[in-house]
Structure formats: C-alpha cells, structure tokens
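Biologist: Before I plan anything at the bench, could you take me through this model, one question at a time?

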Amino acid sequence: MYHKMGKLVPFLLFFLLLTGCQGKPLPQGMEEEALLAHGREVAVLLAGGKYEDVLDRMRDDVSSAVSVEEIQNLVLAQTDGAGVYKQISSAMVTGQSAQGEEFGVAVIYCDYSKDNVLFRLAFDGDYALIGMEVKRQ
C-alpha cells in the first residue's frame with residue numbers, strides 16, 4: 001500500500017500529527033463555518049469514492065506525495081464493514097499546529113448503515129487539504 005514511502009512523508013506526517021494533537025483556537029483568519037463547509041465537502045467526497053476530487057483539493061506539496069490509489073486504500077481499509085454512507089451526523093472544528101505551521105481541523109462524524117466513521121481533515125489557512133485521518137468508530 002505505501003510502497004512510495006519517501007514521497008508520502010509529508011502526507012503521513014500530517015496524518016500522524018492529527019491523531020494525537022490537543023485542540024487549540026483556529027488560526028488567525030480562518031473561519032469556523034468555512035472550515036466546516038470544506039470539511040463536510042471532503043468527507044462526502046471520500047465517502048462517495050471521489051478520491052481524485054479529494055486529491056485536487058490538496059495543497060501541492062501534499063498532493064505530489066500521495067496518489068489517488070493511496071487515498072482510496074486508506075478510506076476503504078478504514079470503512080470496510082461500516083456499510084453504506086448515510087449522512088453526516090455531527091461536525092466540529094479545532095486549531096492545531098505542527099512544525100511551526102498552524103492549521104484548522106474539521107472533525108466530521110458520519111453515519112454508515114452498520115457503523116460510524118470519523119473523518120479528521122486538516123486544512124491550511126487557504127483551506128487546502130493537508131492531511132486526513134479516517135477511522136471507523
């Protein structure tokens with residue numbers, strides 16, 4: 001799945017940072033409603049299998065380090081057995097920082113027919129996607 005490990009370092013770094021960071025206020029200039037809208041949009045794209053559209057929403061340095069297939073593998077591995085996507089049940093935002101960069105994270109909880117799935121989506125100040133975590137609940 002991750003045979004291009006060197007190219008995936010930036011993407012995986014943000015993915016791993018998302019899993020253990022404590023929430024902070026959003027970065028200056030970032031709007032809660034705009035971050036929620038971007039997060040919901042990406043979560044629906046991921047749930048709908050529109051991985052190329054998700055890649056198009058990534059910041060250039062991140063999109064150059066990951067492929068559509070790798071995004072697909074991540075999502076399918078984490079949603080396997082959850083059933084069919086139904087709806088977003090709730091969402092929240094938080095600010096985080098890593099390696100001197102501040103970013104916003106949209107946390108999107110989705111109902112599937114058999115289980116729930118959490119999408120944690122990190123965006124830079126221009127609302128470009130810079131990282132993600134997908135986790136079956």
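What follows is a set of questions and answers on confidence, strands, core and charged pairs.

Modeller: This is a predicted model, in which local features need pLDDT of at least 70, side-chain atom pairs count only at pLDDT 80 or more, and totals for chains, interfaces and linings use all residues. Residues are numbered from 1 along each chain as its sequence is written, and side-chain values use heavy atoms, with hydrogens and water left out.

Biologist: What is the mean pLDDT of the chain?

Modeller: The pLDDT is the predictor's confidence in each residue, from 0 to 100. In this chain 83% of the residues reach 70 or more, and the mean is 87.

Biologist: Over which residues does pLDDT stay under 50, in a stretch with 25 contacts beyond four places in sequence?

Modeller: Where pLDDT is low, the predicted coordinates should not be read in detail. A contact here means heavy atoms within 4.5 Å, and the stretch that has 25 of them beyond four places in sequence, with pLDDT under 50, is residues 12-21.

Biologist: Over how many bridges do strand β1 and β2 pair?

Modeller: Helices (H or I, at least four residues) and strands (E, at least two) are DSSP runs, numbered from the N terminus, and two strands pair if DSSP finds at least two bridges between them. β1 and β2 form a hairpin with two residues between them, and Gln99 in that turn has a positive phi of about 50°. Ala98 has Glu101 in β2 as its bridge partner, and Val93 stands opposite Ala106 in β2. Strand β1 (residues 85-98) runs antiparallel to β2, and the number of bridges between them is twelve.

Biologist: Which residue in β3 is the bridge partner of Ile108?

Modeller: The hairpin from β2 to β3 passes through three residues, and these two strands pair in the antiparallel sense over eight bridges. Within β3, the bridge partner of Ile108 is Phe119.

Biologist: Which element gives the most residues to the largest nonpolar core?

Modeller: In soluble globular proteins, nonpolar side chains tend to be buried together. A nonpolar core is a set of buried Ala, Val, Leu, Ile, Met, Phe, Trp, Tyr and Cys residues joined through side-chain atoms within 4.5 Å, where buried means under 20% relative accessible area, exposed over 50% and partly exposed in between (1.4 Å probe, protein chains only). The largest such core has 37 residues, and those touching the most other members include Leu46, Ile71 and Phe119. With seven residues, the element that gives the most to this core is β2.

Biologist: How many of the twelve residues of β2 are buried?

Modeller: Strand β2 is largely enclosed by the rest of the structure, because the buried residues among its twelve number nine.

Biologist: Which side chain of opposite charge is nearest to Asp111?

Modeller: Asp111 lies in strand β2, and its contacts beyond four places in sequence include Tyr85, Ser89 and Asn116. For charge, Lys and Arg count as positive and Asp and Glu as negative, while His and the chain ends are not counted. Asp111 is buried yet has no salt bridge (a side-chain nitrogen of Lys or Arg within 4 Å of a carboxyl oxygen of Asp or Glu). At 5.8 Å, the nearest side chain of opposite charge is Lys86.

Biologist: How many residues apart in sequence are the parts that Arg59 and Asp124 tie together?

Modeller: The side chains of Arg59 and Asp124 meet in a salt bridge, 3.5 Å from N to O. Arg59 lies in the loop between α3 (51-56) and α4 (60-63), whereas Asp124 lies in the loop between β3 (116-123) and β4 (129-136), so the separation in sequence of the parts they tie together is 65 residues.

Biologist: Is Asp124 buried or exposed?

Modeller: Arg59, at 21% relative accessibility, counts as partly exposed, and Asp61, which meets Arg59 in a salt bridge of 2.8 Å, N to O, is also partly exposed at 37%. Asp124 has a relative accessible area of 7%, so this residue is buried.

Biologist: How far apart in space are His38 and Tyr127?

Modeller: His38 is in helix α2 (residues 32-47) and is partly exposed, with a relative accessible area of 29%. Beyond four places in sequence, His38 touches Phe123 and Tyr127. His38 and Tyr127 are 89 residues apart in sequence, and their C-alpha to C-alpha distance is 7.2 Å.
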